[in-house]
Amino acid sequence: MRTEINGWPIIARYLEIRGLRQCDLARVLGVSPAAVTQIKKGESLLGPSQFDTVIGFCGMADSDILEFYSMVFRARILGEHRSSRALEIRVCPESRSRQERPAECPIEWLLDYQPALESLRSYLIRKTGIRSIGDQIRLDVGNGSLVKGVLPGSTLLIGVERYPIPGDLVLVGLRERQLLLRRYLPRDGSIILGGDRAVGPDYVWEVNLDPGFVLWMRPVQEIVVSFRLPRKESCRNNAK
């Protein structure tokens with residue numbers, strides 16, 4: 001069974017917590033109990049509108065929504081699926097104003113950023129030539145990107161000015177010219193970079209010490225990931 005392809009381990013956990021059954025989920029999705037069994041096994045794919053229905057029905061916490069999407073992203077992307085159809089899911093860890101369109105740049109541009117020399121805003125103005133950069137910048141992760149820890153095809157909206165607060169999902173610049181996506185978790189005199197979207201090891205250091213390997217951290221305010229459904233299953237994406 002390919003249970004992670006629809007995030008079933010998380011769905012099952014919430015069904016148990018809420019005292020719900022698979023037939024209850026089938027009812028809100030408008031499908032048969034047999035169709036839910038196919039979703040559970042990964043034989044049918046949940047579609048974009050069904051993700052919202054499942055999350056609302058289960059009453060998932062924000063942190064579990066991120067874990068849910070992350071599981072689905074990894075299961076479907078790493079499955080080497082190929083299709084002309086793209087499925088886009090948007091994750092917004094915090095609300096923001098949509099009145100201004102943030103400046104955009106390739107995520108690789110941040111590999112050369114040195115915070116000791118200039119502010120991130122000044123650096124981005126120099127790199128993009130855009131003088132009116134606001135408090136946010138949109139980073140594009142190309143499908144051919146070699147940046148570790150961030151899924152190809154993603155775009156990240158990061159805060160240019162605000163420093164991370166506990167629980168923030170952060171984009172981290174390491175001294176060995178790598179960018180990682182981690183959760184910022186100060187705990188009991190230590191700082192942990194890890195959590196539900198981590199790919200690879202957690203990074204931990206004592207709060208009063210210079211970590212040495214970290215150059216900068218910026219809070220991620222929005223994530224958009226697009227991934228492609230397998231050709232043979234694209235016609236079954238709504239499990240109906």
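How much area does the protein expose, and what share of it do carbon and sulfur atoms supply? The exposed area is about 12200 Å², and carbon and sulfur atoms supply 49% of it. The points below go from the overall make-up to single residues.

1. Overall make-up. The model is predicted. The protein has 240 residues, of which 48% count as buried. Its secondary structure consists of six helices and nine strands. Among contacts with a separation of 6 or more, 64% are between residues 24 or more positions apart.

2. The largest nonpolar core. This core holds 26 residues. The members that touch the most other members are Ile107, Leu110, Leu124, Ile137, Ile158 and Leu171. At least two core residues come from each of β2 (103–106), α6 (120–128), β3 (136–140), β4 (154–159), β5 (169–174), β6 (178–187) and β9 (214–228). Helix α6 gives the most, with four residues.

3. A second core. Separate from the one just described is a core of 23 residues. Its members include Tyr14, Phe51, Val54 and Met71.

4. Ile107. With neighbours within four places in sequence left aside, Ile107 is in contact with Leu139, Asp140, Val141, Ser145, Val147, Val150, Leu156, Leu171 and Leu179. One of these, Leu171, is also among the residues of the largest core that touch the most other members.

5. Helix α6. The buried residues in α6 include Leu120, Tyr123, Leu124 and Ile125. As background, an α-helix has 3.6 residues a turn, so residues three or four places apart point the same way. After α6 comes Gly129, which has a positive phi, near 80°.

6. Arg218. This residue lies in strand β9. Arg218 is buried but has no salt bridge. The nearest side chain of opposite charge belongs to Glu161, 5.8 Å away, whereas a salt bridge requires a distance within 4 Å. The side chain of Arg218 does reach the backbone oxygen of Val160, at 2.6 Å. Not counting residues up to four places away in sequence, Arg218 touches Tyr113, Leu120, Ile158, Gly159, Val160, Glu161, Arg162, Pro164, Leu169, Val170 and Leu171. Two names on that list, Ile158 and Leu171, also appear among the residues of the largest core that touch the most other members.

7. Glu161 and Arg121. Which residue forms a salt bridge with Glu161? The partner is Arg121, and the closest N and O atoms are 2.8 Å apart. Glu161 sits in the loop between β4 and β5 and Arg121 in helix α6, so the pair ties together parts that are 40 residues apart in sequence. Glu161 is partly exposed, with a relative accessible area of 45%. Arg121 also counts as partly exposed, at 22% relative accessibility.

8. Asp168 and Arg162. A salt bridge joins Asp168 to Arg162, with the closest N and O atoms 2.9 Å apart. Asp168 is buried, with a relative accessible area of 10%, while Arg162 counts as partly exposed at 29%. Arg162 is also one of the residues that Arg218 touches.

9. The network at Arg21, Asp24 and Arg27. These residues are joined into one network by salt bridges that share partners. Within the network, Asp24 forms a salt bridge with Arg21, and the closest N and O atoms are 3.8 Å apart. Is each of the two partners buried or exposed? Asp24 counts as buried, at 11% relative accessibility, and Arg21 is exposed, with a relative accessible area of 53%. The protein's count of salt bridges comes to nine.

10. Gln221. Strand β9 also contains Gln221. This residue counts as buried because its relative accessibility is 8%, and buried means under 20%. The side chain of Gln221 makes a polar contact with the side chain of Gln136, at 3.2 Å.

11. Ser32. Where does Ser32 lie? Ser32 is in the loop between α2 (22–29) and α3 (33–41). At 38% relative accessibility, this serine counts as partly exposed. Gln22 is ten residues from Ser32 along the chain, and the C-alpha atoms of the two are separated by 9.8 Å.

Note on methods. Residues are numbered from 1 along each chain as its sequence is written. This is a predicted model: local features need pLDDT of at least 70, side-chain atom pairs count only at pLDDT 80 or more; totals for chains, interfaces and linings use all residues. Side-chain values use heavy atoms; hydrogens and water are left out. A nonpolar core is a set of buried Ala, Val, Leu, Ile, Met, Phe, Trp, Tyr and Cys residues joined through side-chain atoms within 4.5 Å. Buried means under 20% relative accessible area, exposed over 50%, partly exposed in between (1.4 Å probe, protein chains only). Contact means heavy atoms within 4.5 Å. Lys and Arg count as positive and Asp and Glu as negative; His and the chain ends are not counted. A polar contact is a pair of N or O atoms within 3.5 Å; within protein, one must be able to donate a hydrogen and the other to accept it, and residues adjacent in sequence count only if both atoms are side-chain atoms. Accessible areas come from the Shrake-Rupley method with a 1.4 Å probe; for residues, only the protein chains shown count as cover.
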